[in-house]
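Reader: I have a structure to study and would like to go through it with you. Could we start with how the chains are arranged?
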Protein chains: 2
Amino acid sequence: MVDPGSSMNPQVERTHRVMLDAARELLAEHGPAAVTHLRVSETSGVARATVYRHWPDRVDILLDLLRSGADLHFTPPPEDLPLAQRVTGLLEKLAAALNGNSGQILTAMIGLAEWDDDVFAALGRMRAFGPRLLRDLLAGGLADGSLTAATDIDVLMDALIGPLFLKRLLHHDEITDAYVGDLVDTVLAPHLIG
Amino acid sequence: MVDPGSSMNPQVERTHRVMLDAARELLAEHGPAAVTHLRVSETSGVARATVYRHWPDRVDILLDLLRSGADLHFTPPPEDLPLAQRVTGLLEKLAAALNGNSGQILTAMIGLAEWDDDVFAALGRMRAFGPRLLRDLLAGGLADGSLTAATDIDVLMDALIGPLFLKRLLHHDEITDAYVGDLVDTVLAPHLIG
DNA sequence: CTTGACCGAGACAGACTGTATCATGGTTGT
DNA sequence: ACAACCATGATACAGTCTGTCTCGGTCAAG
């Protein structure tokens, strides 16, 4: 099997990228069921045998797509802003990711993860990045007294993130900054001090 | 094509039910990709041609499963309870549905709905039932003064339902009544009067 | 009992899957 | 520049799945 990660062979890297682009296009246009060796081969122009060489199993293509395509590790917002604004900024970044390509990849992966343990594990690894930052933010707010002492930050976090997923996955709505603002006003604001 | 809905033929009804049970088992065990005419035929013992006669297209089986399997229209809670308890009761019922078979069907459908308009439409029809009741509840609370006047009940509703979906779909966690209680305390309680 | 509708069984072409082989062309180190 | 190496392209192959059709048997209703 070919290893495009550690290998510096430009031929391998180029072929891999071309195929992965085709796979991403197939996923976006026709869903995960359409991401097969044959269709990746046809779409990319790369020989079918080569697709099998890079990813022996069909799900490997999707996992590769998940690793390469979902950029959900955000940079922490500036610390001099008040908590509400920092949370809002972070949620807006998450919303933007969900609105775009990452949302589509996530949707596919959530569907697959229900029955494929490998996909679920990969999803779990990725899931850790975004929310962790939010959790740190809320924990900091609890520590410095910005949040009321009795606040359950885990539930609060779910109440902030959950609606974004709900809107994107179930309702297929674009998540606007205005919506994020309303969400923070409704969910977070009552727990703020000052 | 066979019409088991209006037809009173017990033969048709029996065959249809046997096949649908097999399809449900396949979905639960191996996911929507496994729900094919061939495998439904093998699992149910019904001839392959018959499966095609009932559902010409593969997605029709899944849509039928969605209609028959996801019971998400709940009965309204008793009106003499305070708003918080009525909301809690409703959310607990939704949580129970998500924990059970309906959650699995929903997961599959959400994945398919991203790329199949028929599934999305069917999902939309079903989605209307549960939340509408919750929305009526919150609207009533706004009208009778249980909720603060400035409350955005649509966002509030998302903040109550979203976390349940998040936990079930992304985290694969069982949704406990305790969690629902914490959620209501964190999200709804600050907006209650009295 | 007769009629009509449904089911089971089998056949069929066409497409897809997974693997193997071998020649070709690009890549790397000397 | 050259040779050794390695990935790729092309092709072939059996096995499986898909979608459709036909025909004889079976069931339910009038």
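Author: The copies meet through the same surface, because 100% of the interface residues of chain A are also interface residues in chain B; contact here means heavy atoms within 4.5 Å. This is a predicted model, in which local features need pLDDT of at least 70, side-chain atom pairs count only at pLDDT 80 or more, and totals for chains, interfaces and linings use all residues. Residues are numbered from 1 along each chain as its sequence is written, chains are lettered from A and ligands numbered from 1 in the order in which they are written, and side-chain values use heavy atoms, with hydrogens and water left out.

Reader: What turn lays chain A on chain B?
Author: A turn of 180° with a shift of 0.0 Å along the axis does so, with an RMSD of 0.1 Å. That is the relation of a two-fold axis. The superposition is by least squares on the C-alpha atoms of residues with pLDDT of at least 70 in both copies.

Reader: And which residue of chain A comes closest to the rotation axis?
Author: That is A:Gly162, whose C-alpha is 2.0 Å from the axis.

Reader: Changing topic: how many residues surround DNA strand D?
Author: There are 19, and the closest are A:Ala47, A:Thr50, A:His54, B:Arg48 and B:Tyr52. A residue is near a strand if one of its heavy atoms lies within 4 Å of it.

Reader: Which polar atoms lie by the phosphate oxygens of DNA strand D?
Author: A polar backbone atom of A:Ala47 is 2.9 Å from one, and an N or O atom in the side chain of A:Thr50 is 3.0 Å from one. From chain B, a polar side-chain atom of B:Tyr52 lies 3.3 Å from a phosphate oxygen. A polar contact is a pair of N or O atoms within 3.5 Å; within protein, one must be able to donate a hydrogen and the other to accept it, and residues adjacent in sequence count only if both atoms are side-chain atoms.

Reader: Which element gives the largest share of that surface?
Author: α3(A) does, with 5 residues. Helices are DSSP runs (H or I, at least four residues), as are strands (E, at least two), numbered from the N terminus.

Reader: What share of the DNA atoms within 4 Å of the protein belongs to sugar or phosphate?
Author: For DNA strand D it is 58%, and the rest belong to bases.

Reader: What about empty space: how many cavities of 30 Å³ or more are there?
Author: The structure holds 3, and the largest has a volume of about 80 Å³. On a 1 Å grid over the protein atoms alone, a cavity is a set of points where a 1.4 Å probe fits but cannot get out, while a pocket is an open set with protein on both sides within 12 Å along at least five of seven lines; lining residues have an atom within 4 Å of a point. Grid points are joined across faces, edges and corners, and a volume is the space filled by probe spheres set on the points.

Reader: Which element gives the most to the lining of the largest cavity?
Author: α7(B) gives the most, with 3 residues. The lining includes A:Leu170 from chain A and B:Phe165 from chain B.

Reader: And how much space lies in the largest pocket?
Author: About 680 Å³. It is lined by 29 residues, and those closest to its centre are A:Pro32, A:Ala33, B:Pro32, B:Ala33 and B:Leu112.
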